[in-house]
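Thanks for coming, everyone. I would like to walk through one model this morning, and I will begin by putting the sequence and the structure on the screen.

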Amino acid sequence: MNKLVIVGGGPAGLAAAAQARRCGVEDITVIERDKCLGGILNQCVHSGFGLHMFKQELTGPEYAARLEKEAEGIKCLTSTTVLSVKPDKSVECVSEKGLFTLRADAVILACGCRERPRGAIGIPGARCAGVYTAGTAQKLININGVMPGKKFFILGSGDIGLIMARRAILQGGEVCAVAELMPFSSGLKRNIAQCLDDFGIPLLLSHTVTDIKESGGRLSGVTVSRVDEKLRPVPGSERFYECDTLLLSVGLIPETELLRGAGAQLDPVTQGARVDERMMTSVDGLFCVGNMLHVHDLADNACKEAEECARFAAEYLAGESAGGELAAVECTGGVRYAVPQFLRRGARGALSLKLRVASEVKNVYISAQADGEEVYSLFRRVAAPGEMEYLTLPEEKAARLRAARKIVITLRAKQ
Amino acid sequence: MKEFVCIRCPLGCALTAEEKDGEVIVTGNSCPRGREYAVAEMTDPVRTFSVSVRVKGGERGAVALRVSVPVNKKFIAPIAEQARHTVLTAPVRAGDTVIKNAASSGADLIAVASVARE
């Protein structure tokens, strides 16, 4: 009873594999649908990876190579797609060799997330060529060596949108502007400075694309409108931008097909799995980590979460008990979500909670409360939805939280 | 006088910097890191970046090259230009120095990944 299958060979999957081996798990198999390991890191050729994990600023491919080295010697099945995971932890796979089933004692799902496409945000206008998600354009440019267009307009100012604005310029394209629906960008300040300001690319806050024009089947321009405080386009504020390509960077959603197939409970806010503090889903022995659990800001943090999960998976395989009944964590007062969604009454050790605030707030304490009493707090001069917050409760404080009838994570203003 | 948003932490202070008698005067910062950033941006604004170049005869069509050291941002455009006119032939090995002293910036361009022959 010690076979671990990890679905996904990206940063979270590789970090989980390496850590599981360090924790004594002998029979580990990583399954990756692409022909090489590393996942999305392979196309993220900008630098800024690995500052926490390797104390060095690496590009995505270099970071992937480091992770692969840590997992060297572990069995990895590439070019293999997992079709389903059953509650009995049988994993149905397909590859060039055909269909086959692996029987596991524990499964860690690390399948990442997917970009929201045009259909998810309902932009009206022509159904023409020239509309790409930012990640698709990134793959075309950095892996295939193909420029998807000459003159770009970018909708969405998350980090991928910002990074692709700079990429388009570096590879010889033009960028009209980046439009952002919200009155603030969720991207890192560094990326706004170094991907937009350095190249004089305008950032249009509170703006969105309201029409797409085409000519001969190819995009020929977009209409951009200002939006009011309820995010509705303001009539009369339209402006037309001539361009041949629209890149969409409008959000990431955990990839949950395998979770749903296994019958695991999902969280409507994170849109990923609901897990306990071991990152185990509602299906016994089925764990979930990284962007598949909730979308992270940094690959390093996805890896850290995966390492924690691998340790718990190793304990599970060694037959250690789950740690008692579940206790739900409630988020209120400006906290949008927290992971894990459940604590275990009988769990021991420190507790790490990850959370996001709902809007930008200044001078607040992030407060963990047990039956109305604060047991732990973390002060933030500024907290924004784009930056995940981490609460690490030492064992004795974690124990008070685990024992409470009502566990609440909330924000408290500084007096 | 120049204005920028500090990028050293999520606070994002609005900085202004002015050069007076060979010294950079910074205002709007709430910590020493803000001053440091503004002075660097005024005197030698350096950047780390990578460019994707085409690869012939490989299992994929492109590979990215990164600068070996941070370079002043005035070299971004000339380095990108040089990279656009570069076509490599597979195999490429991660860590290879592909272009020495790119656009006379003092930085080399290093392959960040390997590309095997097709």
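**Two chains, their contact and their interiors**

Let me start with the helix that ends just before an unusual backbone angle: H5(A) is followed by Gly172(A), whose phi is positive, near 100 degrees. I should say at once that this is a predicted model, in which local features need pLDDT of at least 70 and side-chain atom pairs count only at pLDDT 80 or more, whereas totals for chains, interfaces and linings use all residues. As for labels, residues are numbered from 1 along each chain as its sequence is written, and chains are lettered from A and ligands numbered from 1 in the order in which they are written. When I speak of helices (H or I, at least four residues) and strands (E, at least two), I mean DSSP runs, numbered from the N terminus.

Helix H5 of chain A covers residues 159-170, and its twelve residues reach 17 Å from the first C-alpha to the last, close to the 16 Å expected at 1.5 Å a residue; the expected span here is 1.5 Å times one less than the number of residues. The helix is mostly covered, with twelve of its twelve residues buried. By buried I mean that 20 or more other C-beta atoms lie within 10 Å of a residue's own, while exposed means 12 or fewer and partly exposed is in between, with C-beta atoms placed from the backbone. Among the buried residues of H5(A) are Asp159(A), Arg166(A) and Arg167(A).

H5 also appears in the surroundings of helix H6 of chain A, residues 189-196, which is mostly covered, six of its eight residues being buried. Those are Asn191(A), Ile192(A), Ala193(A), Gln194(A), Cys195(A) and Leu196(A), and they pack against H5, strand S13 (174-180) and strand S14 (203-205) of chain A, together with S1 and strand S4 (46-47) of chain B. Contact in this talk means that the C-beta atoms of two residues, placed from the backbone, lie within 7 Å.

That brings us to the contact between the chains, which takes 25 residues from chain B and 27 residues from chain A. On the side of chain B, the elements that give two or more residues are strand S1 (2-5), strand S5 (50-56), strand S6 (62-67) and helix H2 (76-84), and S5(B) provides the largest share, five residues. By class, that side has 14 nonpolar, five polar and six charged residues, where Ala, Val, Leu, Ile, Met, Phe, Trp, Tyr, Cys and Pro count as nonpolar, Asp, Glu, Lys and Arg as charged, and the others, Gly among them, as polar.

Staying with chain B, its domain assignment gives domain 1 (2-43) and domain 2 (50-111), with bounds that come from an automatic or database domain assignment. The centres of these two domains, taken over C-alpha atoms, are separated by 32 Å.

How are the buried residues of H2(B) arranged when seen down its axis? The buried residues are Ile76(B), Ile79(B) and Ala83(B), and they fall within an arc of 70 degrees, so they line one face of the helix; the arc is that of the directions from the helix axis to the C-beta atoms. They pack against S4, S5, S6 and strand S10 (109-111) of chain B.

Turning to the interior, the largest nonpolar core has 165 residues, and those with the most contacts inside it include Ala16(A), Phe287(A) and Ala313(A). Such a core is a set of buried Ala, Val, Leu, Ile, Met, Phe, Trp, Tyr and Cys residues joined through C-beta atoms within 7 Å. Its largest share, eleven residues, comes from helix H8 (residues 299-317) of chain A. Leaving aside neighbours within four places in sequence, Phe287(A) is in contact with residues including Ile108(A), Leu109(A), Met279(A) and Ala313(A).

I will finish with some backbone details. Met279(A), in the loop between H7 and S20 of chain A, has a positive phi near 65 degrees although it is a residue other than glycine, and it counts as buried because it has 24 C-beta neighbours inside 10 Å. Asp21(B) also has a positive phi, of about 50 degrees, but this residue is exposed, with 5 other C-beta atoms within 10 Å. Finally, the peptide bond from Val339(A) to Pro340(A) is cis, with omega near 5 degrees, and the bond from Ala90(B) to Pro91(B) is cis, with omega near 5 degrees.
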